[in-house]
Amino acid sequence: MPPRKTPLARTARLSRAAGLPRTEWKRKAVRDTGPSARTRKAVYERDGWCCVCCGTPVQDRPHSVGHRKRRSQGGPNDLSNLLTFLGLGTNPLDPDDHHARIDSRRDPSDEAKGYSLRSHQDPLLVPVLVGSVSGSRTQVWLSDDGRYLTADPEEAAA
């Protein structure tokens, strides 16, 4: 097969057209449904560029932004629904891949700590235990404007 004259766009995927050689397949745009780069940066900054589970700094380590309430359950890309985790969410057997462990829901304490939510739960109303490197944990509520709240938003509104 001859080399391409122009590089294939990163967001393009080829779809098979009947009877055409591979080089003639149509390009089909890939739909990215995750948070924007701006939202990801806001999550990292709010979480202090540290994993919320253990408090370990994520710079120079595999890390990702994870949804507390899954997108398949109606979870939005709002700041209150996103957390910084170590790992890329691809290897649930890796003890350092917190994102994969939480997504697999194999540890019930992750749900109790607010890292994972069920479809009926509202991310604004469920607190999160944020860890630090020293091992201490702080219970906070996440706001959609990128802040940690130390008081229950339902009680504060009453």
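## Helix 1, a three-strand sheet and a cavity

In helix 1, the buried residues are Thr39, Val43, Tyr44 and Arg46. Looking down the helix axis, you'd find those buried residues within an arc of 165 degrees, so they line one face of helix 1. Keep in mind that this is a predicted model. Below we go through the helix, one of its threonines, a sheet and a cavity.

**Helix 1 and its surroundings**

- Helix 1 covers residues 37–46.
- Flip to the face turned away from the buried side, and you meet the exposed residues Ala37 and Arg38.
- What do the buried residues of helix 1 pack against? They pack against four strands: strand 3 (63–67), strand 4 (82–86), strand 6 (137–142) and strand 7 (148–149).
- After helix 1 comes glycine 48, and its phi is positive, near 70 degrees.

**A look at threonine 39**

- Threonine 39 sits in helix 1, and it is one of the buried residues there.
- Why does threonine 39 count as buried? Its relative accessibility is 19%, and buried means under 20%, so threonine 39 makes the cut.
- Which residues does threonine 39 touch, if you skip its neighbours within four places in sequence? The contacts are Asn77, Leu79 and Leu82.
- Leu82 also belongs to the range of strand 4 (82–86), one of the strands that the buried residues of helix 1 pack against.

**The three-strand sheet**

- Strands 5, 6 and 7 form an open sheet in the order 5-6-7, and the pairing is antiparallel.
- Strand 5 (128–131) and strand 7 stand at the edges with a single partner strand each, so one side of each has no neighbour in the sheet.
- As a bit of background, strands of a sheet pair through backbone hydrogen bonds, in either a parallel or an antiparallel way.
- How many bridges link strand 5 and strand 6? There are four, in the antiparallel sense.
- To pick out one bridge, valine 128 has valine 140 in strand 6 as its partner.
- Strand 6 and strand 7 turn up in the helix story too, since both are packed against by the buried residues of helix 1.

**The cavity**

- A search of the whole structure turns up one cavity of 30 Å³ or more.
- The volume of the largest cavity is about 30 Å³.
- Its lining is made up of His67, Arg68, Arg70, Ile102, Asp103, Arg105, Tyr115 and Ser116.
- Sorted by class, the lining of the largest cavity has four charged, two polar and two nonpolar residues.

Conventions: Residues numbered from 1 in each chain as written. Predicted model: local features only at pLDDT ≥ 70, side-chain atom pairs only at ≥ 80, totals over all residues. Heavy atoms only, no water. 1 Å grid on protein atoms, 1.4 Å probe; cavity = no way out; pocket = protein on both sides within 12 Å on 5 of 7 lines; lining within 4 Å. Points joined across faces, edges and corners; volume = space filled by probe spheres on them. Nonpolar A, V, L, I, M, F, W, Y, C, P; charged D, E, K, R; others polar. Helix = DSSP H or I, 4+ residues; strand = E, 2+ residues; numbered from the N terminus. Buried < 20%, exposed > 50% of the residue type's maximum accessible area, 1.4 Å probe, protein only. Contact = heavy atoms within 4.5 Å. Arc of directions from axis to C-beta. Pairing = 2+ DSSP bridges.
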